[in-house]
Amino acid sequence: MEIHLIMPLSYDAVLDEMVATAREAGALTLEHFKRFRDLEIGIKGPADFVSDADRESELLIRDRLMGRWPDWSFYGEEFPPTERGDAEHRWLVDPIDGTTNFINGQHYTISIALRRGNQTVAGALYNPVSDEMFTAIPGQGAFMNGERLRVSQQADVALFAIGTGLPTPNLQLYPGAYQRLDAIRAPIGAIRIVGSAANSAAYVAMGRLTGYFEETGFSDTAVGILCVQEAGGVVTDWWGRGPEIYEQTGTLIIANAATHAYLLEHLKDVPRKNPK
Ligand code: LIP
């Protein structure tokens, strides 16, 4: 009888390439970003300003990674997916997460996840403004610029710092966003809107936030989720369910254990876009 073994692959060298690629995309997008005040004189509208940078960033990442691993499929936010022969591996990329921040000259991130089946097997998340590179491989820990990350151990509710996103123009698409602030606000220490879902998750992994919740896209958060899990945090949907649900709905709690328990308790009954 023939026996087929699925060999575990080492993704260390792949991660090195992902990091180099994220840095290149960071340098490219920063060139656009530095000119955000041109928006005041109307050379371009905000949508063109950010979409030029977004699209150039995605093309750079796609060309570089697909040039190196031509059999792996590519899913980015800006262009239709590129399907390739390898049935297991695919890239999941957000070329600029935090587009509203970008338009306003504030921190944004570039997120590159490598998925194998339904697992994220390597992740690189780069904030070019602060030059912070977050990396993770399952079982090997999460790092920021090479330094090991641990989530906050804070268990005092009065000192919780909780991140979220807050839609402004498209409120009908995100029902309940403001009610949720009301539901969680007292007696916690702070609510912060970082403006990039990916960056918010990275902040949880390193303890700048004790927790984060939102209804958002999985391509924004895939790397951040892995970083938080590797840094000792908890990731579920708003009712405590796992990736089979939250990867579809994006209804996420990403937090240390104490903040996670608090958010589960306070979010379960507030309105949301995705049905329970
Ligand atoms: C958005 C984030 C924003 C978050 C949204 C979404 P985009 O991604 O930047 O902070 O609140 O849910 O993830 O549109 O900038 O790629």
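**Exercise 1. Classify the two ends of a local salt bridge.**
Task: Find how exposed Lys-34 and Glu-31 are, given that their side chains meet in a salt bridge.

Solution.
- Step 1. The N to O distance between Lys-34 and Glu-31 is 3.0 Å. The model is predicted.
- Step 2. A salt bridge needs a side-chain nitrogen of Lys or Arg within 4 Å of a carboxyl oxygen of Asp or Glu. The pair of Lys-34 and Glu-31 counts as one.
- Step 3. Exposed means over 50% relative accessible area, and buried means under 20%. Lys-34 has 56% relative accessibility, so Lys-34 is exposed.
- Step 4. Glu-31 has 42%, so Glu-31 is partly exposed.

**Exercise 2. Trace a salt bridge between distant parts of the chain.**
Task: Place Arg-23 and its salt-bridge partner Asp-131 in the fold, and state how exposed each residue is.

Solution.
- Step 1. The closest N and O atoms of Arg-23 and Asp-131 are 3.1 Å apart.
- Step 2. Arg-23 belongs to helix α1 (residues 12–33), while Asp-131 sits in the loop between β4 (119–127) and β5 (132–136). The two residues are 108 residues apart, and the pair links distant parts of the chain.
- Step 3. Arg-23 is partly exposed, at 36% relative accessibility. Asp-131 is partly exposed too, with a relative accessible area of 39%.

**Exercise 3. Extend the salt-bridge survey.**
Task: State how many salt bridges the whole structure holds, then describe the pair Asp-182 and Arg-185 and the network that includes Arg-64.

Solution.
- Step 1. A search of the whole structure gives 13 salt bridges.
- Step 2. Asp-182 and Arg-185 form a salt bridge through their side chains, at 2.7 Å from N to O.
- Step 3. Asp-182 is partly exposed, at 48% relative accessible area. Arg-185 is also partly exposed, with 48%.
- Step 4. One network joins Glu-17, Glu-24 and Arg-64 through salt bridges that share partners.

**Exercise 4. Lay out the sheet.**
Task: Work out which strands stand at the edges of the five-stranded sheet and how its strands pair.

Solution.
- Step 1. The sheet is open, and its order is β9-β8-β10-β12-β11, with mixed pairing.
- Step 2. β9 (190–192) and β11 (234–237) are the edge strands. Each has a single partner strand, so one side of each lacks a neighbour in the sheet.
- Step 3. From one strand to the next, the twist averages 20°.
- Step 4. β8 (residues 161–163) pairs with β9 in the parallel sense, over three bridges. Ala-161 has Ala-190 of β9 as its bridge partner.
- Step 5. β10 and β12 run antiparallel and are joined by five bridges. Tyr-212 is bridged to Ile-254 in β12.
- Step 6. β11 and β12 are antiparallel as well, with four bridges between them. Val-235 has Ile-254 of β12 as its bridge partner.

**Exercise 5. Judge the cover on β12.**
Task: Decide whether the two faces of β12 are covered or open, and name the helices that lie against this strand.

Solution.
- Step 1. Five of the five residues of β12 are buried.
- Step 2. On one side stand Thr-251, Ile-253 and Ala-255. On the other are Leu-252 and Ile-254. Both faces are covered.
- Step 3. α6 lies across β11 and β12, at about 35° to β12.
- Step 4. Now take α5 and the sheet in which β8 and β9 pair in parallel. α5 packs on that sheet, touching β10 (211–215) and β12 (251–255). The direction of α5 makes about 155° with that of β10.

**Exercise 6. Analyse the α5 and α6 packing.**
Task: Find the relative direction of helices α5 and α6, the make-up of their contact and the burial of α5.

Solution.
- Step 1. The axes of α5 (residues 197–206) and α6 (residues 218–230) come within 8 Å and cross at roughly 5°.
- Step 2. Angles under 35 degrees count as roughly parallel. α5 and α6 are therefore roughly parallel to each other.
- Step 3. α5 contributes Ala-197, Ala-198, Ala-201, Val-204 and Ala-205 to the contact. α6 contributes Asp-220, Thr-221, Gly-224, Ile-225, Cys-227 and Val-228.
- Step 4. By class, eight of these residues are nonpolar, two polar and one charged.
- Step 5. Nine of the 10 residues of α5 are buried, so the rest of the structure largely encloses this helix. Among the buried residues are Asn-199, Ser-200 and Tyr-203.
- Step 6. Gly-207 follows α5, and its phi is positive, near 90°.

Technical notes. Residues are numbered from 1 along each chain as its sequence is written. This is a predicted model: local features need pLDDT of at least 70, side-chain atom pairs count only at pLDDT 80 or more; totals for chains, interfaces and linings use all residues. Side-chain values use heavy atoms; hydrogens and water are left out. Axes are lines fitted to C-alpha atoms, for helices over the stretch in contact, and angles run from 0 to 180 degrees between N-to-C directions. Angles under 35 degrees count as roughly parallel, over 145 as roughly antiparallel, 65 to 115 as roughly perpendicular and the rest as oblique. Contact means heavy atoms within 4.5 Å. Ala, Val, Leu, Ile, Met, Phe, Trp, Tyr, Cys and Pro count as nonpolar, Asp, Glu, Lys and Arg as charged, and the others, Gly among them, as polar. Buried means under 20% relative accessible area, exposed over 50%, partly exposed in between (1.4 Å probe, protein chains only). Two strands pair if DSSP finds at least two bridges between them.
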